[in-house]
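Please open the structure in the viewer and keep the sequence at hand. The tour proceeds by selection, one stop at a time.

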Amino acid sequence: VSTQSTWGPDYRRHRIMGDNVIVINARHIVMPLEKWYRKPYRWTSGYPTTQGGMKEVSAEYLRGKYGPEFILFWCIWGMLPKNSQRFRKLFMEKVYLYPDAEHPHVDELLVPIPIKRASYHQAKGVAKPAPRQQFAWPIADKPPPQ
């Protein structure tokens, strides 16, 4: 959302505007162990599926071959609007992914965005509802009919 500047007062859908986003320490992304092996990444070459057009690999394979920032790239790519491939490419030019804390943007004025790991109720500032009490059926005084 920061690359699109939807929060800005001069936001226009048809214009490329917004902030550049620098993601550091991308190699520390975390997924459950099973998801590294079971999460598929799919793409097609344009050929029919019967001729091998559909390709599918696991997240672990991509992490080993291209690095963890490649997985993060496709996560961000999937969250961008799908109305125009051109806009997606232009938005992704504003995203810089680095596997470690070292990056060439040290001299620029950077504003860190804190990551808040809060539950829904903490984020909305509402009280968490009390747990529901178990319902107990009343015991009948009469024995069941036979």
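The stops below cover one helix and then several salt bridges in this predicted model.

**Helix α4**

Select residues 85-92, which form helix α4. Which of its residues are buried? They are Phe-87, Arg-88, Phe-91 and Met-92. Viewed down the axis of α4, these buried residues fall within an arc of 135°, so they line one face of the helix. Next, add α3 (68-79) and β4 (95-97) to the selection, since the buried residues of α4 pack against both elements. Then turn to the face of α4 directed away from the buried side, where Arg-86 and Lys-89 are exposed.

**Salt bridges**

The structure contains four salt bridges; three are visited here, beginning with Arg-27 and Asp-100, whose closest N and O atoms lie 2.4 Å apart. This pair links distant parts of the chain, 73 residues apart: Arg-27 lies in the loop between β1 (21-23) and α1 (33-38), and Asp-100 in the loop between β4 and α5 (120-124). Arg-27 is partly exposed at 48% relative accessibility, and Asp-100 is partly exposed at 29%.

Select Glu-56 and Arg-42 next; their side chains form a salt bridge with an N to O distance of 3.0 Å. Glu-56 belongs to strand β3 (residues 54-58) and Arg-42 to strand β2 (residues 40-44), 14 residues apart. Arg-42 is exposed, with a relative accessible area of 54%.

Finally, select Glu-60 and Arg-63, a salt bridge with closest N and O atoms 2.7 Å apart. Both residues lie in helix α2 (residues 59-66), three residues apart, and are therefore separated by about one helical turn. Glu-60 is partly exposed at 23% relative accessible area, as is Arg-63 at 31%.

Key. Residues numbered from 1 in each chain as written. Predicted model: local features only at pLDDT ≥ 70, side-chain atom pairs only at ≥ 80, totals over all residues. Heavy atoms only, no water. Buried < 20%, exposed > 50% of the residue type's maximum accessible area, 1.4 Å probe, protein only. Helix = DSSP H or I, 4+ residues; strand = E, 2+ residues; numbered from the N terminus. Arc of directions from axis to C-beta. Contact = heavy atoms within 4.5 Å.
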